[in-house]
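Okay, everyone, thanks for coming. Have a look at the sequence and the model while I talk you through the empty spaces, one sheet and a few contacts.

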Amino acid sequence: MARVFGLCVAAGLFAACGGDEAAYDGPRVPLKVMTRNLYLGADITDVVLSPSVEQVPARAAAFWAEVVRSDFPARAKLLADEIMATSPDVIGLQEVEIFRQQVPSDFAAAPGVNATVVAYDFLALLLEEVAARGQPYNVVLENTLSDVELPTALPDGGLMDLRMTDRDVMLAKPGVVTAPLAKAAFTNFLAVNVGGAAGPRVEVKRGYATANVTMPSAVGAATFIWGNAHLEVGGPLKAFQEPQADELVRLMKPISGPMIFTGDFNSPATGLGTRSYGFLRRIFADSYQQLNLAEPGFSCCMDIYAPGLAGVDERIDLVLTRDDITATAATVVGGIERTASGISASDHRGVVLTLGLVPDAAR
């Protein structure tokens, strides 16, 4: 199978070799995969685009108030319910934040990232909720990306330092054998001085991680490389997103054998808006597209406080595959259920694919 894939790469037939055509007709190893963006809780754009350094604390305070309002501890319960209902073997998470504080602020004297008091740890909260429901998951790999700290106004007129650490995380059920391979930030990323040239530098990093996975089953084990990624948003920032997608393709292209990538790729599967989806399809198959479902599978983006699924009109949360991997079922979860105060689990919906892998003994 690896030799066939190599011939496909040499011929430039990347999409056709990405898993759209199955060559093996024996029993397959089932694998259920979820990709889930947890949503950091607020839009940080107003903070990053502060017109002056003097406005940063007030804008950071408004951002923090919105994060608190979004109530991740309650949202984590909905996310855990989704996981229990679908029971994925592996889960790729994006926007798995840690928010930390320091009071009083020492930013003026020691700018940097040194706040240590944890206000919210999204990963710890989610794992606690899932374990409480009887199905623990193991952390395969954490990829720490942006790590930003800014002075933030307090209601009494003082300042605290607010630190936000962004991570992508890979989880697997006990019994799924995993070994981390690599993790990195993309070389292209947005970097700005908040409030102007004299303001603190903020680097908004995105990245990817990979692990080797062996999935046991009654028909034998199947080994594959699993990756998880988060690309920059589109619009004006597609100038960063597209090079990130190109970098991911260049890095993964030489690696032979079965591969599955979960992620929030921020590039609509229609191909409109950015070219990143097209870049990815050069070497990967789109599992959801393989199924030819009438349901469009839209996963983004919704107002977490609004009823229903208004605004969910793009398919950007994807499970991509390469080599002889079939898709047998798909479901899009979340968005309908609400917390007691009426909040959705995330501004994204979760995507769950059931895949079929060729057993190692048959490769």
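Before the cavities, a word on naming: when I say helix or strand with a number, I mean a DSSP run, numbered from the N terminus, with at least four residues for a helix and at least two for a strand. And keep in mind that this is a predicted model.

So, empty space. How many cavities of 30 Å³ or more does the structure hold? Two. The largest has a volume of about 90 Å³. Around that one you'll find I44, V47, A60, F63, V148, E149, L150, L162, R163 and M164. Helix 4, residues 56-70, gives at least two residues to this lining, and so do strand 5 (138-153) and strand 6 (159-172). By type, the lining comes out as eight nonpolar residues, two charged and no polar ones.

The second largest cavity contains about 30 Å³ of space. Strands 5 and 6 turn up here too, each with at least two lining residues, along with strand 10, which is 207-215. Among the residues lining this second cavity are L141, N143, D168, Y208 and N228. The split here is five nonpolar, three polar and one charged.

Now on to the open space. The largest pocket has a volume of about 790 Å³. It is lined by 40 residues, and the closest to the pocket centre are D43, T45, R206, E232 and V233. Which strand gives the most to that lining? That's strand 9, with three residues. Helix 3 (45-48), strand 5, strand 6 and strand 8 (190-193) each put in at least two, as does strand 9 itself, 201-204. The pocket lining has 19 nonpolar, 10 polar and 11 charged residues.

Next, the sheet. Six strands make an open sheet with mixed pairing, and the order is 7-10-11-12-14-13. Strand 7 (177-185) and strand 13 (285-286) are the edges, each pairing on one side only. Strand 13 runs antiparallel to strand 14, residues 317-322, and two bridges join them. If you want to find that spot on screen, look for A285, whose bridge partner in strand 14 is T321. Helix 7, residues 238-252, packs on this sheet and touches strands 7, 10, 11 (222-230), 12 (259-264) and 14. The direction of helix 7 makes about 40° with that of strand 10.

Let me zoom in on the other edge for a second. V177 sits in strand 7. Leaving out residues up to four places away in sequence, V177 touches N212, V213 and T214. As for A229, it is 52 residues from V177 along the chain, and their C-alpha atoms are separated by 20 Å.

Last item, salt bridges. There are 16 of them in the structure. The one I'd like to show you joins D324 and R28, with the closest N and O atoms 2.7 Å apart. Why pick that pair? D324 is in the loop between strand 14 and strand 15 (325-333), while R28 is in the loop between helix 2 (16-20) and strand 1 (29-37), so the salt bridge ties together parts that are 296 residues apart in sequence.

That's my tour. Happy to take questions.

Key:
Residues numbered from 1 in each chain as written. Predicted model: local features only at pLDDT ≥ 70, side-chain atom pairs only at ≥ 80, totals over all residues. Heavy atoms only, no water. 1 Å grid on protein atoms, 1.4 Å probe; cavity = no way out; pocket = protein on both sides within 12 Å on 5 of 7 lines; lining within 4 Å. Points joined across faces, edges and corners; volume = space filled by probe spheres on them. Nonpolar A, V, L, I, M, F, W, Y, C, P; charged D, E, K, R; others polar. Pairing = 2+ DSSP bridges. Contact = heavy atoms within 4.5 Å. Axes fitted to C-alpha atoms, helices over the stretch in contact; angles between N-to-C directions. Salt bridge = Lys/Arg side-chain N within 4 Å of Asp/Glu carboxyl O.
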